[in-house]
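Work through the exercises below with the sequence and the model side by side. Each task is followed by a solution in steps.

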Amino acid sequence: MTQTPLNPGDSPLVREALSSVVSRETSATPTAAQTPDGGDGTWPRPSKTRVIAVANQKGGVGKTTTSVNIAAALSMHGQRVLVVDLDPQGNASTALATEHRGDVPDVYQVLVDDLPMADIVKQVPDMPNLFCAPATIDLAGAEIELVSLVAREARLRRALAAYDAIDLDYIVIDCPPSLGLLTVNALVAADEVMIPIQCEYYALEGLGQLLRNVDLIRAHLNPTLKLSTIVLTMYDGRTRLASQVADEVRSHFGDTVLNTVIPRSVRLSEAPSYGQSVMTYDPGSSGAMAYMDAAREIAHRAIVA
Ligand SMILES: Nc1ncnc2c1ncn2[C@@H]1O[C@H](COP(=O)(O)OP(=O)(O)OP(=O)(O)O)[C@@H](O)[C@H]1O
Ligand SMILES: [Mg+2]
């Protein structure tokens, strides 16, 4: 555990964002070359289910794109993966071709009405190891309705703990762009937080608040929660700004940042409208290859954690 050094040259924005960082777990990360894949293309399965909350209260930074594509990539390498759509927008459900309109049972009913997780989880079409717990627009009401419920911060954790139906290796929770009770539920249910950071100006704005919340949840509700992964998204190699943001993030967060950077790729933004991850929509595209590499890094971190 290390203290984040603040450099005199940091912009005020960076200083604000990082001043709240009191601790970060930085695990030694072997590269894929050090821990080769299984000969049959499978990656090592974690010894227990890894629950990863993908969070950043800033909108449009790539939370859903990251959740869906990392999950798809893992599932294509022998991992059994559930994506929990915790955003009333239902974007992850759409991208995974999982019905989430009308009166489909959804995460709202799990959180508010105690419906078992098994009643809402669907297998993703053509992806035998990938599952989705969909969100309908009803979930928008949950932020308010949860307030008056018992154990309102731990409803998702409880539901997942009771759900052992399909022998999962990973549960990836796609959070909404807010720090309300839905995101709190994700952080209480998770072992790990993954933060996508968009490589643009203002990228670090608000990060301090998110990290403070992670610290608070660790202190009061989920002592083993760790910030395991930062992934740089929408990287445009033609701009100096993108590389400056990437350098700045790396200088503060070290090994927590994946070596793989996700480039801007039109294919990534097209795939959801076909109800697919980019892994099947265009596996040879730069976005698909980057998410495959990112998922490989995450899978191999598991065996040293
Ligand atoms: N690497 C990328 N290259 C190009 N477009 C991208 C990339 N990543 C995401 N996008 C597009 O940017 C938009 C925002 O991405 P995404 O929905 O994943 O972000 P989000 O953080 O989940 O947003 P929200 O906060 O609304 O939930 C989407 O239209 C998505 O298709
Ligand atoms: Mg989203």
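**Exercise 1. Describe the side chains of strand 5 and the pairing of this strand.**

Step 1. Tyr-170, Val-172 and Asp-174 point one way from strand 5, Ile-171 and Ile-173 point the other way, and all are buried. Buried means under 20% relative accessible area, exposed over 50%, and partly exposed in between (1.4 Å probe, protein chains only). Strands (E, at least two residues) and helices (H or I, at least four) are DSSP runs, numbered from the N terminus.

Step 2. In a regular strand the side chains alternate between the two faces of the sheet.

Step 3. Strand 5 covers residues 170-174, and 5 of its 5 residues are buried.

Step 4. Two strands pair if DSSP finds at least two bridges between them. Strand 1 (residues 50-54) pairs with strand 5 in the parallel sense over 5 bridges. Strand 2 (residues 81-85) also pairs with strand 5 in the parallel sense, over 5 bridges.

Step 5. Asp-174 in strand 5 stands opposite Val-54 and opposite Asp-85.

The model is predicted: local features need pLDDT of at least 70, side-chain atom pairs count only at pLDDT 80 or more, and totals for chains, interfaces and linings use all residues. Residues are numbered from 1 along each chain as its sequence is written, chains are lettered from A and ligands numbered from 1 in the order in which they are written, and side-chain values use heavy atoms, with hydrogens and water left out.

**Exercise 2. Locate His-100 and list its surroundings****.**

Step 1. His-100 sits in the loop between helix 3 (91-95) and helix 4 (107-113).

Step 2. His-100 has 9% relative accessibility and therefore counts as buried.

Step 3. The side chains of His-100 and Thr-94 are joined by a polar contact of 2.8 Å. Such a contact is a pair of N or O atoms within 3.5 Å; within protein, one must be able to donate a hydrogen and the other to accept it, and residues adjacent in sequence count only if both atoms are side-chain atoms. A polar atom of the His-100 side chain also lies 3.2 Å from the backbone oxygen of Ala-135.

Step 4. Contact means heavy atoms within 4.5 Å. With neighbours within four places in sequence left aside, the contacts of His-100 include Gln-89, Gly-90, Ser-93, Pro-134 and Thr-136.

**Exercise 3. What is the sign of phi at Asp-114 and at Tyr-202****?**

Step 1. Most residues other than glycine have a negative phi.

Step 2. Asp-114, not a glycine, has a positive phi of about 60°. Asp-114 lies in the loop between helix 4 and strand 3 (122-123) and is partly exposed, with a relative accessible area of 48%.

Step 3. Tyr-202, also not a glycine, has a positive phi of about 75°. Tyr-202 is in the loop between strand 6 (192-198) and helix 8 (207-220), and its relative accessible area of 43% makes it partly exposed.

**Exercise 4. How many aromatic pairs are there, and how is each arranged****?**

Step 1. Rings of Phe, Tyr and Trp (its six-membered ring) pair if their centres lie within 6.5 Å; planes under 30 degrees apart count as stacked, over 60 as edge-to-face and the rest as tilted.

Step 2. By this rule there are 2 aromatic pairs. Tyr-201 and Tyr-202 form a tilted pair, 4.6 Å centre to centre with 50° between the planes.

Step 3. The rings of Tyr-274 and Tyr-281 have centres 5.0 Å apart and planes at 20°, so this pair is stacked.

Step 4. Tyr-274 counts as exposed at 52% relative accessibility, whereas Tyr-281 counts as partly exposed at 23%.
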